[in-house]
Amino acid sequence: MLRRSSDTTGPRHVRRPPREVRHAGGMAVKPNKKSSASSVNLRKVAPEGSDSWASSEAVRRSMLGNRGRDTRPELAMRSALHKSGLRFRKNYRPLRGSRGVVDVAFTRRKVAVQLDGCFWHGCPEHGSRPATNRAYWDEKLQRNAERDTRLQRELEDEGWTVLRFWEHEPPLEIVPKVHEALALRSSFRSSA
Ligand SMILES: [Zn+2]
């Protein structure tokens, strides 16, 4: 099993975390989890004049179901993968009857790449939880982690290789690892 690169290399970043992570500590509003992004006017739940949390990317993502879609780190990763010559499906649902979404999918070789949000997946560097509504966030992030674990297991049961990266990992460090996993799948296939 391929590991997160951050497990083996340890902290190395002094860069500031993305905006949605920095603002996480100021959280004061519980998003209504039943709301879909399309039916919610974020201004109604955001404090007046707030440029913070409630109107932020993080809450929008919560309403979309926690895994970001087309976030800036995701766009950067996809762009780097594309420039390296790879072609793939994005935001792909690989499992029939499952809502699970793969950020980047190589469908023929069954390699899935998931870019985990630092806040939503509890990155050791940027994953600190808001002090406000602590129990709410603990439960929400726990459910989030369980859902991702379940999806990964389902994918692996179907023969997929699943790579996970943190959104703070530089795309240029992710790219060679994806190539490596694809090469392994190719040789596995041809020798099988
Ligand atoms: Zn991080």
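Biologist: In strand 3, which residue is the bridge partner of A105?

Modeller: This is a predicted model. Look for the residue that DSSP bridges to A105 across the strands. In strand 3, that partner is A112.

Biologist: How many bridges join strand 2 to strand 3, and how do the two strands run?

Modeller: Three bridges join them, and the strands run antiparallel. Strand 3 covers residues 111-116. Strand 2 covers residues 102-106.

Biologist: What do strand 2 and strand 3 form, and how many residues lie between them?

Modeller: They form a hairpin, with four residues between the strands. Check phi in the turn as well. K110 sits there with a positive phi of about 55°.

Biologist: Now the other partner. How many bridges join strand 1 to strand 2?

Modeller: Three, and this pair also runs antiparallel. Strand 1 spans residues 89-92. Within the pairing, K90 stands opposite V104 of strand 2.

Biologist: Is strand 2 mostly covered or exposed?

Modeller: Count neighbours: a residue is buried if 20 or more other C-beta atoms lie within 10 Å of its own. Strand 2 is mostly covered, with five of its five residues buried. For the protein, 28% of the 192 residues count as buried.

Biologist: Where do the strands come in the order of elements?

Modeller: Read from the N terminus: α-α-α-α-α-β-β-β-α-β-α. In total there are seven helices and four strands.

Biologist: What share of the contacts with a separation of 6 or more comes from residues 24 or more positions apart?

Modeller: Such residues account for 66% of those contacts in the protein.

Terms used:
Residues numbered from 1 in each chain as written. Predicted model: local features only at pLDDT ≥ 70, side-chain atom pairs only at ≥ 80, totals over all residues. Buried ≥ 20, exposed ≤ 12 C-beta atoms within 10 Å, placed from the backbone. Pairing = 2+ DSSP bridges. Contact = placed C-beta atoms within 7 Å.
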